[in-house]
Amino acid sequence: MSHPSHLSEQEYIWANEGFVIFRYPCLKTARFLLQCAVDVNSINAIKNTPLHIFASNAGVWDYEVVLDLLYNHGAHLDQANSQGQTALDVTKNPATIEWFR
């Protein structure tokens, strides 16, 4: 199972009878989890961090705010996953690439 911090970064939409209840990535959830002192550099089964997951899905609202939030809480920009990729390596969004530079 993923670490709780990964839940705030993945693309999920929870719906009930056709109404969107939650949509992730969610800035409020990310802030809450960081206030609860979750490890911002936790890894999943393929060694992706929340920064990897968010960067690979960037292009949604608040991407810059969430990247700043993760970075300011100690996210390692140079941490590689099991394929040797950093968060920058998995990013496809040009604005997100610029954020990393």
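A residue counts as buried here when its relative accessible area is under 20%, as exposed when that area is over 50%, and as partly exposed in between, using a 1.4 Å probe and protein chains only. By that yardstick Trp99, at 18% relative accessibility, is buried.

Before going further, a word on what you're looking at. This is a predicted model, in which local features need pLDDT of at least 70, side-chain atom pairs count only at pLDDT 80 or more, and totals for chains, interfaces and linings use all residues. Residues are numbered from 1 along each chain as its sequence is written, and side-chain values use heavy atoms, with hydrogens and water left out.

Let's start with the overall layout. The chain has six helices and two strands; these are DSSP runs numbered from the N terminus, with helices being H or I runs of at least four residues and strands E runs of at least two. Walk along the sequence and you meet them in the order α-β-β-α-α-α-α-α. Of the 101 residues, 44% are buried. As for the surface, the chain exposes about 6100 Å², with 54% of that coming from carbon and sulfur atoms; accessible areas come from the Shrake-Rupley method with a 1.4 Å probe, and for residues only the protein chains shown count as cover. Now take contacts, meaning heavy atoms within 4.5 Å. Among those between residues at least 6 apart in sequence, 60% join residues at least 24 apart.

Next, the inside. In soluble globular proteins, nonpolar side chains tend to be buried together. A nonpolar core is a set of buried Ala, Val, Leu, Ile, Met, Phe, Trp, Tyr and Cys residues joined through side-chain atoms within 4.5 Å. The largest one here has 18 residues, and Leu34, Leu51, Leu67, Leu70 and Phe100 are those with the most contacts inside it. H2, H3, H4 and H6 each supply at least two of its residues, and H4 gives the most, with five.

Phe100 also leads us to the aromatics. Rings of Phe, Tyr and Trp (its six-membered ring) pair if their centres lie within 6.5 Å; planes under 30 degrees apart count as stacked, over 60 as edge-to-face and the rest as tilted. The structure holds two such pairs. In one, the rings of Tyr71 and Trp99 sit with centres 6.2 Å apart and planes at 80°, so this pair is edge-to-face. It ties together distant parts of the chain, with Tyr71 in helix H4 and Trp99 in helix H6 (residues 94-100), 28 residues apart. Trp99 also pairs with Phe100, again edge-to-face, at 5.0 Å centre to centre and 90° between the planes. Tyr71, Trp99 and Phe100 thus form one aromatic cluster. Phe100 is buried at 13% relative accessible area, while Tyr71 is partly exposed at 44%.

Finally, the loops. Which residues in the loop between H2 and H3 are worth a look? Most residues other than glycine have a negative phi. Ala37, in the loop between helix H2 (27-35) and helix H3 (50-56), has a positive phi of about 65° although it is not a glycine. Ala37 is exposed, at 65% relative accessible area. Lys47 lies in the loop between H2 and H3 and also has a positive phi of about 65°, but Lys47 is partly exposed, at 43%. Further along, Thr86 sits in the loop between helix H4 (63-72) and helix H5 (87-90). Thr86 is buried, with a relative accessible area of 16%. Leaving aside residues up to four places away in sequence, Thr86 touches His52, Leu77, Asp78, Gln79 and Ala80.
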